[in-house]
Amino acid sequence: MTATLEQRLDAFRRLDDAKLTFARRDWFPGTSGNLSIKLESEPLQFAVTASGKDKTKLSPEDYLIVDQDSRPVDATTLKPSAETLIHAVVYKTFPKAGACFHVHTVWNNLISELYFGQRAFSIQGQELIKGLGIWEENAHITIPIVENFADIPTLAAEIEKVITQEVPGVLIRNHGIYAWGGNDFEAKRHLEAFEFLFEYHARWLQLRQAAVSTTTTN
């Protein structure tokens, strides 16, 4: 089944909302990042941001529809984001995923570099873990970190190996995060929760170091 015009326009509208929300937070430096919303599962089709667009603005050529191989469904001069293959991996791995968002922030880059040696970042007991749909007392999460391979098929294959149903996100070293959910609202909530946890932890490390330095010099 091919997505209807109504489905496409609705997806584009919701992508506009997410894009402008994240752009106001400076999560798309230098036209980086990409967003997608799934339209159909069989065969897979999803709306995705076009490559090289200024995500602080809206235009009629911001998105296009691609298939399971990340190829445009319709004849178009637009190019899908180079990392569209990663969105396809998420949708194929998790059939219930309905949206996938990728942003570049200072905090997710710092955390990905700090903990790359462990190939994962773990945190426990933070209230915002509930934003990921995890409600256990003193909950603990671990988000995988993969190397930032320049070859996108290699990067997508590495991501496919490590992503799990339990934690809806993956970090790419010195690059950014992919987060997903059952729909765009859920994917946005997950992304915001991850970013809060990254910033909290990085700031906590700074304060702890400052406290240690103060104690040492006194």
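1. Fold and order of elements. The chain holds five helices and eight strands; helices are DSSP runs of H or I with at least four residues, strands are runs of E with at least two, and both are numbered from the N terminus. Along the sequence, these elements follow the pattern α-β-β-β-α-β-α-β-β-α-β-β-α.

2. Basis of the model. The model is predicted, so that local features need pLDDT of at least 70 and side-chain atom pairs count only at pLDDT 80 or more, while totals for chains, interfaces and linings use all residues. Residues are numbered from 1 along each chain as its sequence is written, and side-chain values use heavy atoms, with hydrogens and water left out.

3. Overall dimensions. The radius of gyration of the chain is 18 Å, which agrees with the value near 17 Å for a compact globule of 218 residues; the radius is taken over C-alpha atoms, and the globule rule is 2.2 Å times the number of residues to the power 0.38. Along the principal axes, the C-alpha atoms fill a box of roughly 70 × 35 × 30 Å.

4. Burial, surface and contacts. Of the 218 residues, 50% are buried, where buried means under 20% relative accessible area, exposed over 50%, and partly exposed in between, with a 1.4 Å probe and protein chains only. The chain exposes about 11,100 Å², and carbon and sulfur atoms supply 53% of that area; the areas come from the Shrake-Rupley method with a 1.4 Å probe, and for residues only the protein chains shown count as cover. Among contacts between residues at least 6 apart in sequence, 63% join residues at least 24 apart, a contact being heavy atoms within 4.5 Å.

5. Helix α2. This helix, residues 84-93, is largely enclosed by the rest of the structure, because seven of its ten residues are buried. The buried residues are T84, I86, H87, A88, V89, V90 and Y91. They pack against the strands β1 (34-41), β2 (44-49), β3, β4 (99-103) and β8, and against the helix α4 (152-162).

6. The largest pocket. The volume of this pocket is about 210 Å³. Among its 16 lining residues, Q165, G181, G182, E186 and H190 are the closest to its centre. The elements that give two or more residues to the lining are β8 (176-181) and α5 (184-217), and α5 gives the largest share, three residues. By class, the lining has six nonpolar, six polar and four charged residues. Here Ala, Val, Leu, Ile, Met, Phe, Trp, Tyr, Cys and Pro count as nonpolar, Asp, Glu, Lys and Arg as charged, and the others, Gly among them, as polar. On a 1 Å grid over the protein atoms alone, a pocket is an open set of points with protein on both sides within 12 Å along at least five of seven lines, a cavity is a set where a 1.4 Å probe fits but cannot get out, and lining residues have an atom within 4 Å of a point. Grid points are joined across faces, edges and corners, and a volume is the space filled by probe spheres set on the points.

7. The second largest pocket. About 150 Å³ of space lies in this pocket. Its lining consists of R8, F12, Y63, L64, I65, P72, V73, D74, A75, T76 and L78. Both α1 (5-24) and β3 (63-67) supply at least two of these residues, with β3 giving the most, three residues. The lining divides by class into eight nonpolar, one polar and two charged residues.

8. The cavity. A search of the whole structure finds one cavity of 30 Å³ or more. The largest cavity holds about 30 Å³ of space and is lined by K19, T49, A50, K53, D54, K55 and D62. Five residues of this lining are charged, one is polar and one is nonpolar.

9. Backbone details in the loops. A cis peptide bond, with omega about -5°, joins E42 and P43; P43 lies in the loop between β1 and β2. Two residues other than glycine merit attention for a positive phi: T31, with phi near 65°, and S70, with phi near 65°. T31 is in the loop between α1 and β1 and counts as partly exposed, at 37% relative accessibility. S70 is in the loop between β3 and α2 and is buried, with a relative accessible area of 11%.
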